[in-house]
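Got your viewer open and a selection box ready? Here's a walk through the model, one stop at a time.

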Amino acid sequence: MKIKIGLLGYGKTGRVVAQNLRSDKRFALVFVAKNKVTKPDEFDFVVKSKEFIGELVNRFEPDVVVDLTTPDAVMLNINTLPEKTSYIIATTGFTDVQINKIKEYDHLKVLYAANISDGINVVIKACELLNQIWNHADVEIVEQHFKDKKDSPSSTAKKIAKAFNRKVPIHSIRAGGIVGIHEIILATNNQKITLKHESFNKDVFAEGVKRAAIWLMNKECGFYEIDEVYHY
Ligand SMILES: NC(=O)c1ccc[n+]([C@@H]2O[C@H](COP(=O)([O-])OP(=O)(O)OC[C@H]3O[C@@H](n4cnc5c(N)ncnc54)[C@H](OP(=O)(O)O)[C@@H]3O)[C@@H](O)[C@H]2O)c1
């Protein structure tokens, strides 16, 4: 049985995720909801929708809905989802108030993924360990992304910073077409450890979406975060 995915958002990342899902026999992309349809495109099942996400879910019965839109769109989309919908929020840039509001939707299975690439989640686990066994080091994060990225610092950098129980300055660079680089520097007076994660392309997000979807499908209703998918 294929895992049925409904995708909200068909921008730079949504397009890559859609193509990746279509080329994987384990998955069926049952709908793609766009904000506006300006011209015909290669997906004949693209649906023009903003207000009717709940109707789409009832009609196509996806196992998991994946959101790659905007924070404001998520706050609307989440209202329309039927009970027990598995909903992966890979959209980023939320305020704390918005995240707290999302947590109130306890009739859904919500998985919030500030960064859904598996390498980043492994790096966060490594940072948690470093925090425990090298807790006297200074820690700083340098993150680099493409110049039009809306949020700065990246939600991923903020999430990495939370792995440490001390203040972690974040330095953001926005330039050209950099997909995403996160560098974590830990230094004492005499030595330095650097962890660096670099995404080569946006397929890392598709791979993460698939892993997260398989994990979320059989969970109870509630709010989950991506680090729960990765444990050691
Ligand atoms: N968690 C992760 O690992 C991860 C990875 C990559 C990206 N992201 C996040 O995912 C989001 C999308 O990224 P992106 O690079 O694809 O940005 P993007 O190119 O700006 O795409 C966003 C898309 O969402 C569409 N949209 C807006 N409101 C919508 C709605 N109500 N229903 C359906 N579609 C709607 C927009 O359509 P219009 O242009 O027509 O308004 C646009 O095509 C961002 O928040 C980004 O930070 C997260």
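Before the first click, one working rule: two residues are in contact if their C-beta atoms, placed from the backbone, lie within 7 Å. Keep in mind too that this is a predicted model.

**Stop 1: isoleucine 181.** Select isoleucine 181, which sits in strand 9 (residues 181-187). Leaving out residues up to four places away in sequence, isoleucine 181 touches Glu143, Gln144 and Glu198. Is isoleucine 181 buried or exposed? Neither label fits: isoleucine 181 counts as partly exposed because it has 14 C-beta neighbours inside 10 Å, and a buried residue needs 20 or more. Now add isoleucine 214 and draw a distance. The two residues are 33 apart along the chain, and 27 Å separates their C-alpha atoms.

**Stop 2: the two domains.** Colour by domain next. The domain assignment gives domain 1 as 3-116 + 203-228 and domain 2 as 118-198. Over C-alpha atoms, the centres of domain 1 and domain 2 are 26 Å apart. Each side brings 10 residues to the contact: 10 from domain 1 and 10 from domain 2. On the side of domain 1 that touches domain 2, you'll find three nonpolar, four polar and three charged residues.

**Stop 3: around the ligand.** Zoom in on the ligand. How many residues surround the ligand? There are 26, and the closest are Gly9, Gly11, Thr13, Asn35 and Ala73. Colour this shell by residue type and you get 10 nonpolar, 12 polar and four charged residues. Helix 1 (12-22) and strand 2 (27-34) each put at least two residues into the shell. Helix 1 contributes the most, with three.

**Stop 4: two helices.** Select residues 203-217, and you have helix 7. Its 15 residues reach 21 Å from first C-alpha to last, close to the 21 Å expected at 1.5 Å a residue. The buried residues here are Val204, Phe205, Ala206, Gly208, Val209, Lys210, Ala212, Ala213 and Leu216; note the lysine in that list.

Then move to helix 2 (residues 53-60), where Ile53, Leu56 and Val57 are buried. Look down the axis of helix 2: those buried residues fall within an arc of 100 degrees, so they line one face of the helix. As background, an α-helix has 3.6 residues a turn, so residues three or four places apart point the same way.

**Stop 5: backbone oddities.** A bit of context first: most residues other than glycine have a negative phi, and most peptide bonds are trans. Step just past helix 2 to glutamate 61, where phi is positive at about 45 degrees. Glutamate 61 belongs to the loop between helix 2 and strand 4 (64-67). Glutamate 61 counts as exposed because 11 other C-beta atoms lie within 10 Å.

Where is lysine 84 found? Look in the loop between helix 3 (71-80) and strand 5 (86-89). Lysine 84 isn't a glycine, yet its phi is positive, about 70 degrees. With 11 other C-beta atoms within 10 Å, lysine 84 is exposed.

For the last click, select serine 152 and proline 153. The peptide bond joining serine 152 and proline 153 is cis, with omega at about -5 degrees. Proline 153 lies in the loop between strand 7 (138-145) and helix 6 (155-161).

Notes: Residues are numbered from 1 along each chain as its sequence is written. This is a predicted model: local features need pLDDT of at least 70, side-chain atom pairs count only at pLDDT 80 or more; totals for chains, interfaces and linings use all residues. Domain bounds come from an automatic or database domain assignment. Ala, Val, Leu, Ile, Met, Phe, Trp, Tyr, Cys and Pro count as nonpolar, Asp, Glu, Lys and Arg as charged, and the others, Gly among them, as polar. A residue is near a molecule or strand if its C-beta atom, placed from the backbone, lies within 6 Å of it. Helices (H or I, at least four residues) and strands (E, at least two) are DSSP runs, numbered from the N terminus. The expected span of a helix is 1.5 Å times one less than its number of residues. A residue is buried if 20 or more other C-beta atoms lie within 10 Å of its own, exposed if 12 or fewer, and partly exposed in between; C-beta atoms are placed from the backbone. The arc is that of the directions from the helix axis to the C-beta atoms.
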